[in-house]
Amino acid sequence: MDGPTGVVFPATGDGRRSTTALGRAVVADALRAVDPVGARSAEHETNWRHGYLGHFRRLVEAGLLSREAALTVARDGLAALHARMRYVPADGAEVALDDVFALPDREPPLETATVTGAGEVERELSLPYRGQRLRGDDLRRRLDAWVDAGVVEPSCAEAVRAVQANPDWLDLSDQRIVVLGAGAEMGPLPSVLRWGGAVVAVDLPRPEIWRRLLRTAHRYGGRLHLPVRPGTATDDDALAAGAGADLLHRLPQAARWLGGLDGRLVLGNYVYADGATNVRVATAVDALTAHLGRRRPDAALAFLATPTDVYAVPAEAVAHAERGYAARGPARRTLRLLSGGRLLHRNYPPGADPGINDSLVPQQGPNYALAKRLQRWRAAVARDAGATVSFTVAPPTRTRSVLRNRALAAAYAGAHRFGIEVFEPATSNTLMAALLVHDLRTGGGPAQEHPWRDEAYAAAHGGLWRVPYAPRSALGLAVLLGLGGARA
């Protein structure tokens, strides 16, 4: 079959599958009921690749009108995406996305292989940080230092301390932690296995991914469940060659396998792909999530939110940023004047409550923004329907995908000059796994009156919410300083 298969963008009148047309239409539909002027503005945006930033900010601003406004934006955005995206089987006709799970079985069902690790189960929370393993008082001091520096929200430190105080929470053997995108650097798989939990790993059928995951499984004390082709032998070489589930191209097969697993499922979304494929795979995961949620009402959901997005933030974060802005030195005052106000302008209007933190990075593009916003919408809608949801803003992290982008890598290298802490992957994924434990043991954390407060709870944003300057107004300088440091 010519053209893409699996989850695909809808075809336009000229037969093209346009990411721009899809993104513009979904944002407009998400805004239409709450902000019709904003919807028309999105529909008529002629330069979506660069103009998307304001429209994604408007999605957040429109939702601040009320709890129902935020949920309407989320529901309508999800409905718009599901109504437009399509599925093309490898050997069949195109169908609507939500009809994919009714397709007849054309592929053999996946089987389950289980690997039990030989390592000792850990029952104390510890965090790798700058060459050390922090635990006990050392970890508590690090949490305090992050709060004082504005690197994490106080609620983040409180949640981690609660896990410290309840080490039995780390035993997740009573759950099935489904890690969609099991090979991702930011996922909780190593930590859950270290703590003796049960991980259901889903990733592409690529032997190099599974060899790495199998080595991790053997090293720790948990159990790894993986999807394999029928008849796959149980030695590591055979498992690596026969494992994998392709969510993008074989979504019904993956759904049937997951739907047949025993125990309570925690669907963790850690998938990522470059460019337009990121929207396709994020949509596939969302369709899978909605499908399994209807059949497994006890399923919990877990998401890691990107810090480079737009968020409403509490007044305390605004006040922290304002104190820093008032204390800025003469060199930065002068630079702002010489730039005509383009550089280093204040993060928030004084006294904003809530403030709007706009940390969107133009280099990441509208497809990345849509894929991540889709997860936020699903989290809000699922939580409102009564599901247990773990949704946490993760810190800026030196992952392989970030470092492949030269401008982003340079910005991260220079970010510390502006009070931003960029984390190493091992620190981030362990911290985020601890927050996942907290949410699963507390029913998703404390109840909040508005979805923006759910998103702000326990955020580990690396400082982006509490620095004196609007992040994009410092981005270019961070890039220059980072490039200079690399050359030095």
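**Notebook: contacts, sheets, helices and rings**

I began with Arg212, which, once its neighbours within four places in sequence are set aside, is in contact with Gly183 and Arg400; contact here means heavy atoms within 4.5 Å. The model is a predicted one, in which local features need pLDDT of at least 70 and side-chain atom pairs count only at pLDDT 80 or more, while totals for chains, interfaces and linings use all residues. I note also that residues are numbered from 1 along each chain as its sequence is written, and that side-chain values use heavy atoms, with hydrogens and water left out.

I located Arg212 in helix H8, where helices (H or I, at least four residues) and strands (E, at least two) are DSSP runs numbered from the N terminus. Its C-alpha lies 8.1 Å from that of Gly183, and the two residues are 29 apart in sequence. Arg212 has 32% relative accessibility and therefore counts as partly exposed, on a scale where buried means under 20% relative accessible area, exposed over 50%, and partly exposed in between (1.4 Å probe, protein chains only).

**Sheets**

I then looked up the sheet of 7 strands, which is open, has mixed pairing and follows the order E4-E9-E8-E7-E10-E11-E14; two strands pair if DSSP finds at least two bridges between them. Strand E4 (111-116) and strand E14 (389-393) are the edge strands, each pairing on one side only. From one strand to the next the twist averages 20°, with axes taken as lines fitted to C-alpha atoms, for helices over the stretch in contact, and angles running from 0 to 180 degrees between N-to-C directions.

Within this sheet I checked strand E8 (residues 198-202) against strand E9 (residues 223-228), and found them paired in the parallel sense over 3 bridges, with Leu224 in E9 as the bridge partner of Val199. Helix H8 (residues 207-219) lies across E4, E8 and E9 and runs at about 155° to E9. Helix H17 (residues 425-441) also packs on the sheet, touching strand E7 (176-180), strand E10 (265-269), strand E11 (300-305) and E14, and its direction makes about 145° with that of E14.

The other open sheet I looked up has 3 strands in the order E1-E2-E3, with antiparallel pairing. Strand E1 (6-8) and strand E3 (95-96) each have a single partner strand, so one side of each is left without a neighbour in the sheet. E1 pairs with strand E2 (residues 86-88) over 3 bridges, and Gly6 stands opposite Val88 in E2.

For strand E5 (residues 126-129), I noted that both faces are covered, with Ser126 and Pro128 buried on one side and Leu127 and Tyr129 buried on the other. E5 runs antiparallel to strand E6 (residues 132-135), to which 4 bridges join it, and Pro128 has Arg133 in E6 as its bridge partner. The two strands form a hairpin with 2 residues between them, and Arg130 in the turn has a positive phi of about 50°.

**Helices**

I compared the span of helix H14 (residues 365-384) with expectation: its 20 residues should span 28 Å at 1.5 Å a residue, and its end C-alpha atoms are 29 Å apart, which agrees; the expected span is 1.5 Å times one less than the number of residues. Of the 20 residues of H14, 18 are buried, so the helix is largely enclosed by the rest of the structure. Gly386, which follows H14, has a positive phi near 105°.

For helix H1 (residues 19-32), I listed the buried residues, among them Leu22, Val26 and Leu31, and found that what covers them includes helix H2 (36-43), H3, helix H4 (67-84) and H14.

**Aromatic rings**

A search of the whole structure gave me 7 aromatic pairs; rings of Phe, Tyr and Trp (its six-membered ring) pair if their centres lie within 6.5 Å, and planes under 30 degrees apart count as stacked, over 60 as edge-to-face and the rest as tilted. The rings of Tyr52 and Phe56 have centres 5.8 Å apart and planes at 85°, so this pair is edge-to-face. Both residues lie in helix H3 (residues 48-63), 4 residues apart, about one turn of the helix, and both Tyr52 and Phe56 are buried.

The pair of Tyr325 and Tyr469 is edge-to-face, at 6.1 Å centre to centre and 70° between the planes. Tyr325 lies in helix H12 (residues 315-326) and Tyr469 in the loop between helix H18 (451-456) and helix H19 (471-487), so the pair ties together parts that are 144 residues apart in sequence.
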